[in-house]
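Trainee: Please take me through one part of this model in close detail. I would like to see how its helices and strands pack.

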Amino acid sequence: MSTIHDEIVPVVDFGGQTAQLICRRVREAGVFSLLVTPRMSAAELARLKPRGIILSGGPKSVYEPGAPTMDPGILDLGVPVLGVCYGMQLACQLLGSRVVPGESREFGRANLAITDRKDLLFATIPDRTTVWMSHGDQVSEVSGIGIEPIALTSTCPVAAMRITTGGRRIYGVQFHPEVTHTPHGSDLIRNFVHEICGCRGTWKMSDFADQTAAQIRSAVGDGHVICGLSGGVDSAVTAALVHKAIGSQLTCVFVDTGLLRNAERDLVEQTFRDHFHIDLRVVDASEQFLSDLAGITDPQEKRRRIGHRFIDVFKQAARSIPGASFLAQGTLYPDVIESGHGHAGESANIKLHHNVGGLPADLGFQLVEPLRELFKDEVRKLGEVLGLPDALIWRHPFPGPGLAVRVLGEVTRAKLDILRECDEILLEEIVAASLYRSTSQVFAVLLPVQSVGVMGDGRTYDSVVAIRAVETQDFMSADWCRLPYDVLGRVSSRIINEVRGVNRVVYDISSKPPATIEWE
C-alpha cells in the first residue's frame with residue numbers, strides 16, 4: 001500500500017463502529033488519514049511514513065480469546081501513538097499492564113477531570129469537560145511500564161494516560177474523542193496531530209486534485225479510460241478529475257438500466273455533453289437489467305446481478321472504443337469500508353456495493369478509482385475545486401443499483417413506474433420548500449406490503465410508500481430529518497391522490513446506525 005500524501009496519520013481499525021470517524025476528525029485537522037488493518041506489520045506500516053498512529057476502539061475485550069491484536073513493534077516505530085478505548089487498553093496490555101473488568105462500567109456521558117495541565121494532548125481544553133464513554137474494562141496496573149495517568153472520571157482513574165519512557169510517546173484515552181458527544185474531542189485530536197505529531201495540517205483538496213491527476217496520468221500513460229456516468233456527484237467528479245488528468249483519452253458511458261428516476265437519461269446527456277464537452281456514449285440496456293431481476297427479492301443478489309450486467313455492458317461498449325483498457329469508477333471510502341474491501345480487515349461487511357465487491361473476476365479492465373480515499377462531503381469539495389456547477393455538486397446521492405434497491409422485493413416495470421412518480425412528487429415538494437440543500441438525501445421507497453384504504457367510499461387494497469430523509473456529513477452515520485409536518489402532509493396528499501396504486505404514505509424516522517440509509 002502506498003499513498004500520495006506528505007503527512008499521514010493512519011488509524012489501526014480494531015472493529016469499532018466509529019473508527020472511520022477518527023479518520024474524519026484527523027482530515028478535518030488538515031492531515032490525511034485512512035483505516036489500516038491490525039494485521040499489518042510494523043514494517044509495512046512504517047513504509048507509509050506515518051507522522052503518528054491512532055489505535056481505534058473495538059467491540060471486544062483485549063483479554064478475550066480471539067480478540068484482535070497487532071504487531072507490538074508498532075509501538076516502537078518512533079512516532080507518537082494515540083490509543084482510543086480498546087486501542088489504549090491494547091497498547092497497555094502489549095507493554096505488560098493488566099486490563100480487567102472495571103468495578104463500574106461507563107456508557108454515555110461522563111465528567112472528565114484533567115490532572116496534568118501541562119500535557120499537550122489537553123492544550124486549550126478546560127480542566128473539566130464532558131466526554132463520551134463506552135467501556136466495561138479498565139487498565140488496572142500503571143507501575144512498571146511508565147504509565148502516567150493524566151485525566152480521570154469518578155469511576156475510571158486512568159481515563160487518559162501517557163507513556164514517555166524508553167523513547168516512546170504513547171498516549172491513551174478511555175473515552176471517544178471522535179464522536180460529537182465529546183465536545184472537545186476534535187480539539188484533542190487536533191492537539192495530537194499538530195502539537196504532538198508535529199503535522200503542519202496542510203492537506204488541501206486542491207493538492208489532492210493535482211496529486212491524484214498526476215497519479216492517473218502516470219498509471220494510464222497513453223491508454224484510454226472509460227468512465228461510467230450515472231448523473232450523480234460521485235461519477236461527475238470522477239469524470240471531471242480523470243478529464244483533468246488525461247483529456248481526450250477519456251470516454252464516458254451512460255448505461256440506461258431502466259432503474260433510473262424520471263428524465264434521468266435526458267439530464268445526463270444534456271449535462272455532460274454540454275458541460276464536459278467529452279465523448280459520451282449512451283447504451284440502453286433496460287430490458288436486459290429487468291430480465292436479470294425477474295423473480296429476485298434478495299437485495300444482495302439484486303446488487304450482484306446488476307453489477308455483473310453493468311460490467312458486461314461496459315465490455316460491449318469498450319469494443320467500439322479503441323485502446324480502452326481502464327475503467328474509472330466513483331467508488332468512495334464509505335463504499336470500501338462497508339463492503340469489507342478496505343485495508344481495515346476488522347470492519348464488518350454491511351452491504352455489497354456494485355462497484356466494489358460485485359465485480360466479476362474476468363473484468364478485463366484495470367480500475368481507476370480516484371475517489372476511493374474520500375468521504376462524500378470531501379467529494380463535493382473536490383467538485384468545487386474542479387469547477388463543477390452547484391447543480392451537480394449538491395445533487396443528492398443515487399445508489400448505483402438505482403431504484404432496484406428502493407423497490408423492496410421483486411422489481412417489475414409497473415412497480416418502478418409507481419416509485420418514479422412518488423419520487424418525483426417528493427423531490428418537487430422538497431425543492432419548493434427550500435429544503436433540498438439542508439437535507440443530505442431524500443427519496444421514496446416502495447414497500448412489499450399492501451394496506452386497506454378508503455377512496456370515494458370504496459375499499460382499496462393498495463401499496464405503501466415510505467419516505468426517507470436524512471442529514472449527514474459523511475454518510476457513515478446519519479440522522480433522520482425533522483421535516484415540517486405541512487411539507488410531509490403535502491407530499492402524502494399528492495402521492496395518494498396523484499399516483500394510482502398507492503393508498504398509504506409512512507415516514508422513516510430511523511437513524512444510521514442502527515439502520516442504513518438505503519432500505520436494501
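Mentor: In this predicted model, helix α6 (residues 233-246) packs with helix α11 (residues 376-385) at an angle of about 45°, and their axes lie 10 Å apart. Angles from 65 to 115 degrees would count as roughly perpendicular and those under 35 as roughly parallel, so α6 is oblique to α11. The crossing of α6 past α11 is left-handed. From α6, the residues in contact are V233, D234, V237 and L241. They meet K376, V379, R380, L382 and G383 of α11. By type, the residues of this contact divide into 5 nonpolar, 3 charged and 1 polar.

Now the sheet. It is open and has 5 strands, in the order β12-β11-β10-β13-β14. Their pairing is parallel. At the edges are β12 (279-284) and β14 (366-368), each paired on one side only. Neighbouring strands are turned by 30° against each other on average, direction ignored.

Look at one edge. There, β14 pairs with β13 (residues 324-328) in the parallel sense, over 3 bridges. One pair to find is F326 and its bridge partner in β14, Q366.

Helix α9 (residues 299-318) packs on this sheet. It touches β10 (224-229), β11 (250-256), β12 and β13. The direction of α9 makes about 135° with that of β11.

Note on methods
Residues are numbered from 1 along each chain as its sequence is written. This is a predicted model: local features need pLDDT of at least 70, side-chain atom pairs count only at pLDDT 80 or more; totals for chains, interfaces and linings use all residues. Side-chain values use heavy atoms; hydrogens and water are left out. Two strands pair if DSSP finds at least two bridges between them. Helices (H or I, at least four residues) and strands (E, at least two) are DSSP runs, numbered from the N terminus. Axes are lines fitted to C-alpha atoms, for helices over the stretch in contact, and angles run from 0 to 180 degrees between N-to-C directions. Contact means heavy atoms within 4.5 Å. Angles under 35 degrees count as roughly parallel, over 145 as roughly antiparallel, 65 to 115 as roughly perpendicular and the rest as oblique. A crossing is left-handed if the near helix is turned anticlockwise from the far one by less than a right angle, and right-handed if clockwise. Ala, Val, Leu, Ile, Met, Phe, Trp, Tyr, Cys and Pro count as nonpolar, Asp, Glu, Lys and Arg as charged, and the others, Gly among them, as polar.
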